[in-house]
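Trainee: Could you take me through one part of this structure slowly, the place where the ligand sits? I'd like to see what is around it.

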Amino acid sequence: MTPMPISRRTLLQQGSAAVAGLSVLRVAGPTYAFQTPVTGEVIPWLDQPEPNPAPEAIVRQLAWEQLDSWITPNDQFFVIKHFNEPQLNENDWRLDISGLVDQPMTLTLDDLKARERQEVTFTLECSGNTGLPFFWGGIGNATWAGTPLAPLLAEAGVQEEGREVVFWGADAGEQMWREMTITEQFARSMALQDAMNPDNLLVYEMNGEPLPNLNGFPVRLILPGWYGIANVKWLTRIEILDRAYQGNFMARDYVSIREEERDGETVWTFTSVGPNRLKSAPAKVTKQGDAYQIMGAAWGDPIAGVEVQIDEEPWQPATLTEGAGEAFAWTFWTLDWGTPSSGEHTISSRAIAENGEVQPAPDDPLLAGKTTYWESNGQITRRVQIS
Ligand SMILES: Nc1nc2c(c(=O)[nH]1)N[C@H]1C(S)=C(S)[C@@H](COP(=O)(O)O)O[C@H]1N2
Ligand SMILES: [Mo]
């Protein structure tokens with residue numbers, strides 16, 4: 001097995017930006033910033049998400065207007081679960097590494113904790129986020145700690161024919177495949193080459209605490225730079241296959257379908273949701289005295305800048321604040337709005353990546369031709385009423 005090159009993002013990753021004015025909650029060991037100064041009164045958006053039709057599946061969402069902390073506290077972190085909520089005991093918990101390996105392994109939680117510890121601050125986003133009228137808050141930012149996956153796979157000794165790595169959760173549910181109802185465990189897979197990325201972690205800590213049960217206790221996969229679906233919670237089994245894994249969450253659900261024009265002909269493409277896409281959103285408008293400020297976040301790729309458009313005015317550059325320069329975590333941004341005229345206004349944002357890519361407009365052909373709601377990274381416009 002050849003060692004994988006270190007990703008560009010790993011090279012870009014810097015120490016966390018020390019931002020003046022952060023009040024910091026001190027826990028034993030590292031420090032975690034939970035609060036930024038709350039500035040002014042929040043003006044609620046006129047447009048609001050629809051009621052969540054599936055509270056058992058979308059358990060918790062970010063409320064954008066309440067965003068005031070670069071690190072999302074664990075008890076506010078969004079939760080998506082497709083099946084049951086496992087109740088795993090950390091003493092009985094085992095992780096099996098099997099399939100096309102020379103040395104199958106069974107690891108305890110203590111085994112994982114005794115290995116090299118690595119941390120990453122990574123903004124996890126569900127690929128369905130902002131693709132549905134009731135789902136705008138499937139995103140959160142946490143510092144995750146665990147042990148790197150790649151050395152474990154190397155120790156297990158992936159055999160020549162090994163192509164694909166499958167990650168199994170302890171949760172399961174029924175799925176219809178044609179006329180058959182089958183019970184399926186939650187599982188996602190990725191190419192061996194992607195799995196060997198040195199950023200990938202088997203995580204047992206979130207913001208300095210054991211993982212909350214709903215976020216995958218005792219161990220979950222964290223793949224910095226990948227959409228939520230790939231970050232398997234309640235992880236119990238890793239299996240190496242010689243071919244693509246075709247479970248529900250690879251082959252049917254979380255598949256983006258696009259209609260494309262090629263040489264005057266319409267073709268349809270089907271791709272499994274993968275890495276994050278460049279994105280940003282206005283979070284809130286605040287008012288202090290007569291002065292209004294717009295604040296938001298940008299993520300999905302290392303961020304070089306953010307621009308904001310108010311009504312039909314030209315795009316203006318925003319100021320990057322917390323998280324600027326981070327490889328995998330969102331960047332907060334602000335724009336001073338002065339004293340806007342009374343009445344209704346629209347506010348849009350667009351992120352610009354370090355590689356020059358610009359967050360697409362909603363009518364970009366790549367988005368306009370997409371018939372599924374996954375990977376909806378188009379520019380977001382919010383409406384606000386100034387009195
Ligand atoms: N075992 C398991 N892992 C899972 C899921 C799940 O239902 N079961 N949901 C996935 C999806 S779709 C997302 S968006 C993220 C959400 O992680 P969170 O609940 O910790 O925010 O977990 C992913 N991992
Ligand atoms: Mo998701």
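Mentor: Sure, and let's begin with a term: a cavity here is a set of grid points where a 1.4 Å probe fits among the protein atoms but cannot get out. Keep in mind that we're looking at a predicted model. With that in hand, a search through the whole structure turns up two cavities of 30 Å³ or more.

Let's go to the largest cavity, which holds about 250 Å³ of space. It is lined by 19 residues, and the ones closest to its centre are Ile80, Arg220, Gly228, Asn231 and Lys233. If you sort that lining by type, you get eleven nonpolar, four polar and four charged residues.

So who lives there? The largest cavity is the space taken by ligand 1. Now look from the ligand's side: ligand 1 has 19 residues around it, and the closest are Phe78, Asp171, Asn215, Arg220 and Lys233. Sorting this shell gives eleven nonpolar, four polar and four charged residues. Arg220 and Lys233 are worth finding on your screen, since both are named among the closest to the cavity centre and among the closest to the ligand.

Next, zoom in on the oxygen atoms of ligand 1. A polar side-chain atom of Arg220 sits 2.7 Å from one such oxygen. Asn215 also uses its side chain, with a polar atom 2.8 Å from an oxygen of ligand 1. His82 does it with its backbone: a polar backbone atom there is 2.9 Å from an oxygen of the ligand. As for how covered the ligand is, ligand 1 taken alone would expose 540 Å², and the protein buries 100% of that.

While you're around Arg220, have a look at the chain just before it. Pro218 is in the loop between β13 (209–210) and β14 (220–222). The peptide bond leading from Phe217 into Pro218 is cis, with omega near 0 degrees.

There's one more backbone detail to find, in another loop. Asp263 lies between β16 (255–262) and β17 (265–272). Its phi is positive, about 50 degrees, although Asp263 is not a glycine.

To put the main picture together: ligand 1 takes up the largest cavity, the protein buries 100% of its area, and the side chains of Asn215 and Arg220 each place a polar atom by one of its oxygens.

Conventions: Residues are numbered from 1 along each chain as its sequence is written. Chains are lettered from A and ligands numbered from 1 in the order in which they are written. This is a predicted model: local features need pLDDT of at least 70, side-chain atom pairs count only at pLDDT 80 or more; totals for chains, interfaces and linings use all residues. Side-chain values use heavy atoms; hydrogens and water are left out. On a 1 Å grid over the protein atoms alone, a cavity is a set of points where a 1.4 Å probe fits but cannot get out, and a pocket is an open set with protein on both sides within 12 Å along at least five of seven lines; lining residues have an atom within 4 Å of a point. Grid points are joined across faces, edges and corners, and a volume is the space filled by probe spheres set on the points. Ala, Val, Leu, Ile, Met, Phe, Trp, Tyr, Cys and Pro count as nonpolar, Asp, Glu, Lys and Arg as charged, and the others, Gly among them, as polar. A residue is near a molecule or strand if one of its heavy atoms lies within 4 Å of it. A polar contact is a pair of N or O atoms within 3.5 Å; within protein, one must be able to donate a hydrogen and the other to accept it, and residues adjacent in sequence count only if both atoms are side-chain atoms. Accessible areas come from the Shrake-Rupley method with a 1.4 Å probe; for residues, only the protein chains shown count as cover. A molecule sits in a cavity or pocket if more than half of its atoms lie within 2 Å of its grid points. Helices (H or I, at least four residues) and strands (E, at least two) are DSSP runs, numbered from the N terminus.
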